[in-house]
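Dear colleague,

Please find below the structure that I am handing over to you, followed by an account of what was found in it. I should be grateful if you would read the two side by side.

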Number of protein chains: 2
Amino acid sequence: MDRAFKLGIAGLGTVGTGVVRLLSEHADLLAERSGRRIEIAAVSARNPARDRGIDLSGYQWCEDPVDLASVDGLDAVVEVIGGTDGPALDLARASLDAGRSFVTANKAMIAEHGLALAESAERTGAALAFEAAVCAGTPILQTLREGMVANRIDRIEGILNGTSNYILSAMERSGEDFAETLAEAQRLGYAEADPALDVGGGDAAHKLAILAALGFGLKPDFGSVEVEGIRDVRAADIAQAERLGFVIRLVAMADLERREDAPARLLQRVRPCLLPADHPLARIDGPTNAVLAQGDYAGPILLQGAGAGSESTASAVVADIVALARGDARPAFGVPASSLESAESADSGSREARYYLRFVVADRPGVLAELAAAMRDARVSIQSLIQEGENLGNGEDTGEAGIMIALVTHKAPARNIRDALHRLGDSPSIVETPLAMPLLMN
Amino acid sequence: MDRAFKLGIAGLGTVGTGVVRLLSEHADLLAERSGRRIEIAAVSARNPARDRGIDLSGYQWCEDPVDLASVDGLDAVVEVIGGTDGPALDLARASLDAGRSFVTANKAMIAEHGLALAESAERTGAALAFEAAVCAGTPILQTLREGMVANRIDRIEGILNGTSNYILSAMERSGEDFAETLAEAQRLGYAEADPALDVGGGDAAHKLAILAALGFGLKPDFGSVEVEGIRDVRAADIAQAERLGFVIRLVAMADLERREDAPARLLQRVRPCLLPADHPLARIDGPTNAVLAQGDYAGPILLQGAGAGSESTASAVVADIVALARGDARPAFGVPASSLESAESADSGSREARYYLRFVVADRPGVLAELAAAMRDARVSIQSLIQEGENLGNGEDTGEAGIMIALVTHKAPARNIRDALHRLGDSPSIVETPLAMPLLMN
């Protein structure tokens, strides 16, 4: 057996302690599968004294995590501190610049700085690996990069945020509204005290930018992801969707339109959508994550599993470590960073779909006529008025008593839908910001 | 870029031509992802003159596929001839013995001779790869071996035969019986002219033996797979199951009971089962394959996609080729063949489950009492009699007019169920072999 593969670990929160526990519990199994033992040599964490329920006495302690980049004899550094910049990014740069391989679970950092880090890694011959950054232990990056390596992939759809999916599934079951359900999810540990990144869609957007880069062979482009979260989805919307045979899910979607002699056009969007009951993503319940990738030879591949959690995330971190210990060093995004292409942002306004539109309006004559006129003027044709009149109490925006009007449109370009909503923007009849969600078909 | 990676391909049927087409269509993409070009140098097929719609003029032709093992300058041989033994096995042995890496889509050969081939490969330093042998382009072997490498896996369940799943899903929709549905599936190309290996469960058993070996770290043990196919499932059973909230699927299941200081116990079974509607495998429709693997850190991971077809299979074959071209050479079963453990066969008779039992009986007094007595004597307790009396026409075994009695038992060991059926074996009241299917719970 080769000499041991030595690690430095930065961060001993829930994920870091999960990694330490996994490496210890499965030490023999991992040695057999890697062809060498994997050992922790050094660690860094904010509070050395805290009892984490694991024995850390054998490891060198570093006050400053960045020092792990230069501790003698390490084969790789594992970063599970988190944060887009700060110590995580400092450590990543220092490690890769020093030619030391780097494993991270940090989606925000990879979505925003992944290209520069991949370039550093290739310059010094180090490896950069981040399986745990997307869907934790559900090995979607590997599936795209290795399992589907023979395919052009032009479309990826996923449920990438477990908290949002937990909340939407729970609202479905209980009939309760967003605020109550979020509070319950926080009590049960499915939502953070500050849920903004999860329910606002930002967390899913980070993951989507990574998936699109790796799946399509593009430079990560987090900045161009269009993001809308689930805060405005009401229990009444879920009930309406159900009557139509749909469920509401926060869907992250990227597609690439390749063109001859012109840059490809990339669309990346995170937003709540209506999915027909037979759509593979419609069946994803609770905190589960799932990704559906369309290969030109393999066809649609669905991968589903836990999207968070200490043990699941540790599973992915250690999978990356084993690959390094075996001597695999793939380019981080599947091809050398210099081969990653740039894409233009596609014009989402021209994309056609049927839409679910929901208004909360004042209970007075003529409101429906006003809505219908705005639709007509924006060239949006109403397929069916699916409910009129449910009393929703006072509107959130105006405090005025409101009734709900929901409708489904015929296929229309997104910009016409926006135009219709814009025309109604100043109307005193509208007592709450309208909600528009596309119907995704299978 | 490194020098080209040169292939010999044995077999130019639908899969072989799919591989040739993929390698040609994605030549640049694959070169970028592999770091070198992948080129076909030699081929072998039964009929050199047949028009396959692809240009084969640049390749060296071998009359005898086994000659590919010794053609100068090849980096790997790809076998897509098929068959448990014969030329496929001769070629595998010759290639690996000569130290030449070998890629195959041949599930029967790997299930039955995989261990010996893996040993040959390790002896000479060649690689043996067979991603395409299980679920075609849906990369389940890689997911178990690499994606879940940090996990102990103790349970794998799957829908591994697309033909059987297509037929069961079609029976569900149409309400027609097995024979008509099979004929329709054959007309549409979803079933072979000789469907025995598919609907009899043998094909799923081959794949299960490979999954269990790789997932659990065991020597492949195809001989101990307990197999039952779907021929005896009637439309009436599917209708009954639906009323109970279940669907019927051909489920391949392997589980491993690890023990201290004693060989582990392995159970491998392929048989039709009743799945509750919320079971992840209950939602797999048509010719799709799916595998659910339970990792101790990653939790349950579900992978779903096409399980057959020229393009999907080519996707997996080429994924293996790319890995070889990159220089990856994993042990075929995840660990060296000498580290694979042997397991005892678990006693399936002691496994407890609720069972669905369906009888076709003569329409005369006292039959139900006779069934109930046999159950009582075998210590099987009936939870509910779910239907009595539907006339099914003449029984298949006796030609006598029969009526259907279906029931669900309380939890009972499989051996008690077998005992109950055995007690009724000679009864003149039974006009068709009874059907017993376990209820798998989520």
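Helix α10 of chain A is followed by A:G245, a residue with a positive phi, near 90 degrees. The model is a predicted one, and the values here should be read with that in mind. Within α10 itself, which spans residues 235–243 of chain A, the buried residues are A:A235, A:A236, A:D237, A:I238, A:Q240 and A:A241.

Turning to aromatic contacts, the search of the whole structure gives 4 aromatic pairs over all chains. One of them joins A:F130 and A:F333 in a tilted arrangement, with 5.3 Å from centre to centre and 50 degrees between the planes. These two residues come from distant parts of the chain, 203 residues apart: A:F130 belongs to the loop between β6 (128–129) and α5 (140–147), and A:F333 to the loop between α11 (310–326) and β13 (344–345). Both A:F130 and A:F333 are buried.

A second pair consists of A:Y166 and A:Y190, whose planes meet at 20 degrees with the ring centres 4.1 Å apart; because planes under 30 degrees apart count as stacked, this pair is stacked. Here too distant parts of the chain are linked, with A:Y166 in helix α6 (residues 162–174) and A:Y190, 24 residues away, in the loop between α7 (178–188) and α8 (196–199). The two tyrosines may be set apart by accessibility: A:Y166 is buried, at a relative accessible area of 11%, whereas A:Y190 is partly exposed, at 37%.

A:F130 also appears in the account of the nonpolar core. The largest such core has 176 residues, and A:L128, A:F130, B:L128 and B:F130 are those with the most contacts inside it. Leaving aside residues up to four places away in sequence, A:F130 touches A:T104, A:I110, A:L141, A:I210, A:L214, A:D320, A:A332 and A:F333.

Chain A is assigned domain 1 (5–133), domain 2 (140–306) and domain 3 (350–439). How do domains 1 and 2 of chain A meet, and how many residues of each are in contact? The contact involves 9 residues of domain 1 and 12 residues of domain 2. Together the two domains bury about 910 Å², of which 71% is on carbon and sulfur atoms. A:K107, A:A111 and A:E131 supply 53% of the area that domain 1 buries against domain 2, more than any other three residues. The interface between these domains holds 1 salt bridge. A:K107 forms a salt bridge with A:D203, the closest N and O atoms being 3.6 Å apart.

A:T138 lies in the loop between β6 and α5 of chain A and is buried, at 1% relative accessibility. Among the residues that A:T138 touches are A:E131, A:L303, A:S312 and, from the other chain, B:I301.

As for the two chains, 47 residues of chain B are in contact with 47 residues of chain A. The chains bury about 4,200 Å² between them, 49% of it on carbon and sulfur atoms. On the side of chain B, the residues B:R33, B:V149 and B:Y297 supply 18% of the area buried against chain A, more than any other three residues. There are 4 salt bridges between the chains. B:D328 and A:R330 form a salt bridge in which the closest N and O atoms are 2.1 Å apart.

With kind regards

Note on methods: Residues numbered from 1 in each chain as written. Chains lettered and ligands numbered in written order. Predicted model: local features only at pLDDT ≥ 70, side-chain atom pairs only at ≥ 80, totals over all residues. Heavy atoms only, no water. Phe/Tyr/Trp six-rings, centres within 6.5 Å; stacked < 30°, edge-to-face > 60°. Helix = DSSP H or I, 4+ residues; strand = E, 2+ residues; numbered from the N terminus. Buried < 20%, exposed > 50% of the residue type's maximum accessible area, 1.4 Å probe, protein only. Core = buried A, V, L, I, M, F, W, Y, C linked by side-chain atoms within 4.5 Å. Contact = heavy atoms within 4.5 Å. Domains from an automatic or database assignment. Buried area = accessible area lost by both parts, 1.4 Å probe. Salt bridge = Lys/Arg side-chain N within 4 Å of Asp/Glu carboxyl O.
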